[in-house]
Amino acid sequence: QVQLVESGGGLVQAGESLTLSCAASRSIISANVMAWYRQAPGKQRELVARMSSGGTAIISDSVKGRFTISRNNAKNTLYLQMNSLKPEDTAVYYCNVLRSGGFLPWGQGTQVTVSS
């Protein structure tokens, strides 16, 4: 059973940066389209960024120009570099696969809180 563990969140002020990590217990990062999602209170999970197995990245409009997705296949880890954070970025951030076969079990996520 693959486990996904997100880390790196925290409390920051607007304009600051954070780097989130997603560690997988098995070698799935390199073999799947991987994605970062976020969920704010009262809202559905939102797709933030995705990266194909070939390394092509697509960033959602809401964070385009500020967030960057990357991966380290050897470490089986996915990253989300978040710059110029805004209060509206406040959410719990999750990673998962993006594929027709469905999601892996969701991890606990990591809380990102951005104050004004």
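**View 1. The whole chain, read along the sequence, follows the pattern β-β-β-β-β-β-β-β-β-β.** In this predicted model, the secondary structure of the protein amounts to 10 strands and 0 helices. The C-alpha atoms, taken along the principal axes, fill a box of roughly 40 × 25 × 25 Å. For 116 residues a compact globule would be expected to have a radius of gyration near 13 Å, and the protein, with 13 Å, agrees with that expectation. Of the 116 residues, 41% count as buried, while the exposed surface of the protein comes to about 6,000 Å², of which carbon and sulfur atoms supply 47%. Among the contacts with a separation of 6 or more, 53% are accounted for by residues that lie 24 or more positions apart.

**View 2. A disulfide joins C22 and C95.** The sulfur atoms of C22 and C95 are placed 1.8 Å apart in the model, and a search of the whole structure finds 1 disulfide. Such a link is a covalent bond between the sulfur atoms of two cysteines. The angle about the S-S bond is 60°, and the link of C22 and C95 is right-handed. The pair connects distant parts of the chain, since C22 belongs to strand 3 (residues 18-24) and C95 to strand 9 (residues 91-97), with their positions 73 residues apart in the numbering. Both cysteines, C22 and C95, are buried.

**View 3. Four strands form an open sheet in the order 1-3-8-7.** The pairing within this sheet of 4 strands is antiparallel. Strand 1 (4-7) and strand 7 (67-72) stand at the edges and have a single partner strand each, so that one side of each is left without a neighbour in the sheet. Direction ignored, neighbouring strands of this sheet are turned against each other by 15° on average.

**View 4. At one edge of the sheet, strand 1 pairs with strand 3.** The two strands run in the antiparallel sense and are joined over 4 bridges, and within this pairing L4 has A24 of strand 3 as its bridge partner. The residues of strand 1 divide between two faces, a covered one with L4 and E6 and an uncovered one with V5 and S7. L4 therefore appears here both on the covered face of strand 1 and opposite A24 in the sheet, as its bridge partner.

**View 5. At the other edge, strand 7 pairs with strand 8.** Strand 8 (residues 77-82) and strand 7 run antiparallel, and 6 bridges join them. Within this close-up, N72 stands opposite T77 of strand 8.

**View 6. R66 lies in the loop between strand 6 (57-59) and strand 7.** With a relative accessibility of 10%, R66 counts as buried, because the limit for that class is under 20%. When residues up to four places away in sequence are not counted, R66 touches Q81, M82, N83, S84, L85, K86 and D89. The C-alpha atoms of R66 and L80, which are 14 residues apart along the chain, are separated by 10 Å.

Key
Residues numbered from 1 in each chain as written. Predicted model: local features only at pLDDT ≥ 70, side-chain atom pairs only at ≥ 80, totals over all residues. Heavy atoms only, no water. Disulfide = S-S within 2.5 Å. Buried < 20%, exposed > 50% of the residue type's maximum accessible area, 1.4 Å probe, protein only. Pairing = 2+ DSSP bridges. Axes fitted to C-alpha atoms, helices over the stretch in contact; angles between N-to-C directions. Rg over C-alpha atoms; globule rule 2.2 N^0.38 Å. Contact = heavy atoms within 4.5 Å. Areas by Shrake-Rupley, 256 points an atom, 1.4 Å probe, with all protein chains shown as cover.
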